[in-house]
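Please work through the exercises below with the sequence and the coordinates open side by side, and try each task before reading its solution.

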Amino acid sequence: MSELVRVVLAEDEAIIRLDLKETLQDEGYEVVGDTGRGDVALDLVAQFNPDVVILDIKMPGLDGIEVARQISASHDTAVVILTAFSQKDLIDRAVAAGALAYLVKPFQRSDLIPAVEVARARHQEMRALTDQAHTLAERLEARKVLDRAKGRLMDENGLSEAEAFGFIQKEAMSGRRSMLEVANEILAQTSLSATS
């Protein structure tokens, strides 16, 4: 990595937090702040403006989902959720709150970096999509439209998330339109062939 990726870490179990911090540092990330409390995590994000925030769901102060929601509404950063629970509704709530990747505990050290990098890649995709948006609110709304369009392509054409994003990107470039325009067009159509 040419520039260190800055991370804020919020995990209430000290041993897990230490393990996460060591793993990230061993892999070349810079942990700029860590805490066991959700409310403190918000303060650390405001203070350090990190590239990535890793949040446990169950924490004192504020839970990770609420922290993710507040971060997504006010900061331009990638969010990874840690959870001991893999229930779909909990993961759906985390995604709705702005999480871009998640890890189920107990996880292997080898799972951490891919989750962080998936979150960063998705965050960069969203940023590329929303570069024309002037406010954070516009950016968040554009991100929701893109997610819905990707979902439609995935459901109707059996595409992976990456293939759906690639299709939208290619259509935007070939038609010299924004990805948001293409995403809105996909949602306006009853069906679209992504294989053509």
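The three exercises that follow concern a predicted model.

**Exercise 1.** Determine which residues of helix 4 are buried, and explain why they line one face of the helix.

*Solution.* Begin with helix 4, residues 88–96, in which L90, I91 and A94 are buried. Looking down the axis of helix 4, one finds that its buried residues fall within an arc of 95°, and therefore they line one face of the helix. This fits a general rule: an α-helix has 3.6 residues a turn, so residues three or four places apart point the same way. Next, turn to the other side of helix 4, where K88, D89 and A96 are exposed. Finally, ask what covers the buried residues of helix 4: the cover includes helix 3 (64–74), strand 4 (78–83) and strand 5 (101–104). After helix 4 comes G98, whose phi is positive, near 115°.

**Exercise 2.** Describe how strand 1 and strand 2 are joined, and which unit they make with helix 1.

*Solution.* Strand 1 (residues 6–10) and strand 2 (residues 30–35) run parallel and are joined by 5 bridges. To follow one pairing, start at V8, whose bridge partner in strand 2 is G33. Then add helix 1 (residues 14–26), which together with strand 1 and strand 2 makes a right-handed β-α-β unit.

**Exercise 3.** Locate E163 and decide whether this residue is buried, partly exposed or exposed.

*Solution.* E163 is found in helix 7, which spans residues 161–174. Its relative accessible area is 46%, and because partly exposed covers the range between 20% and 50%, E163 is partly exposed. The side chain of E163 reaches the backbone nitrogen of S160 at 2.8 Å.

Definitions and conventions: Residues numbered from 1 in each chain as written. Predicted model: local features only at pLDDT ≥ 70, side-chain atom pairs only at ≥ 80, totals over all residues. Heavy atoms only, no water. Helix = DSSP H or I, 4+ residues; strand = E, 2+ residues; numbered from the N terminus. Buried < 20%, exposed > 50% of the residue type's maximum accessible area, 1.4 Å probe, protein only. Polar contact = N/O pair within 3.5 Å; in protein donor to acceptor, adjacent residues only side chain to side chain. Arc of directions from axis to C-beta. Contact = heavy atoms within 4.5 Å. Pairing = 2+ DSSP bridges. Right-handed = clockwise from strand over helix to strand, strands pointing away.
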